[in-house]
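Please look at the sequence and the structure together, and keep one topic in mind while doing so: where charged side chains pair, and where one of them does not.

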Amino acid sequence: MSYGSPVTLETAKKIAVPAIAEARKNQWTMVVAIVDPAGDLVYFERMDDTQVGSVEVAISKARSAARFKRPTK
């Protein structure tokens, strides 16, 4: 069973750029966690002054979305 194309580090970095830009535009401090189709972390970026609890939440949400093939809210 195929779970999707692998996510390279280069691709993950490109995906993160618009997310970080949107966060800066809206003055949000956030974490970006990008995982591969299996839910394994490929790229992680935490903006300055982001609350500590956001780190694990972002990684867990990305992992859950990939593994259950559904968006998280």
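The paragraphs below go through the salt bridges one by one and then turn to a buried aspartate.

The model shown here is predicted, and the count of salt bridges in this model comes to 3. Side chains of opposite charge can pair when their charged atoms come close.

Helix α1, which spans residues 9–25, is the place to begin. Lys14 forms a salt bridge with Glu10, and the closest N and O atoms of this pair are 3.4 Å apart. Because Lys14 and Glu10 stand 4 residues apart in helix α1, about one helical turn separates them. Lys14 is exposed, at 56% relative accessibility, and Glu10 is exposed as well, with a relative accessible area of 54%.

Further along helix α1, Lys25 forms a salt bridge with Glu22, with 3.4 Å between the closest N and O atoms. Here the two residues are 3 residues apart in the helix, so that Lys25 and Glu22 are again separated by about one helical turn. Lys25 counts as exposed, with a relative accessibility of 61%, whereas Glu22 is partly exposed, at 36%.

A further salt bridge joins Asp40 to Arg67, whose closest N and O atoms are 3.5 Å apart. Asp40 belongs to the loop between β1 and β2, while Arg67 lies in helix α2 (residues 53–68), so this pair ties together parts that are 27 residues apart in sequence. Both partners count as partly exposed: Asp40 has a relative accessibility of 39%, and Arg67 has one of 46%.

The loop that carries Asp40 leads to the remaining topic, the aspartate at position 36. Asp36 is placed in the loop between β1 (31–35) and β2 (41–46). Which side chain of opposite charge is nearest to Asp36, and how far away is it? That side chain is Arg67, at 6.8 Å, and Asp36, although buried, has no salt bridge. Since a salt bridge requires a side-chain nitrogen of Lys or Arg within 4 Å of a carboxyl oxygen of Asp or Glu, the 6.8 Å to Arg67 does not qualify.

What does lie beside the side chain of Asp36 includes a backbone atom of its own loop: a polar atom of that side chain is 2.9 Å from the backbone nitrogen of Asp40. When neighbours within four places in sequence are left aside, Asp36 is in contact with Val7, Val42 and Ala66. Asp40 therefore appears twice in this account, as the salt-bridge partner of Arg67 and as the residue whose backbone nitrogen lies 2.9 Å from the side chain of Asp36.

Terms used. Residues are numbered from 1 along each chain as its sequence is written. This is a predicted model: local features need pLDDT of at least 70, side-chain atom pairs count only at pLDDT 80 or more; totals for chains, interfaces and linings use all residues. Side-chain values use heavy atoms; hydrogens and water are left out. Buried means under 20% relative accessible area, exposed over 50%, partly exposed in between (1.4 Å probe, protein chains only). Lys and Arg count as positive and Asp and Glu as negative; His and the chain ends are not counted. A polar contact is a pair of N or O atoms within 3.5 Å; within protein, one must be able to donate a hydrogen and the other to accept it, and residues adjacent in sequence count only if both atoms are side-chain atoms. Contact means heavy atoms within 4.5 Å.
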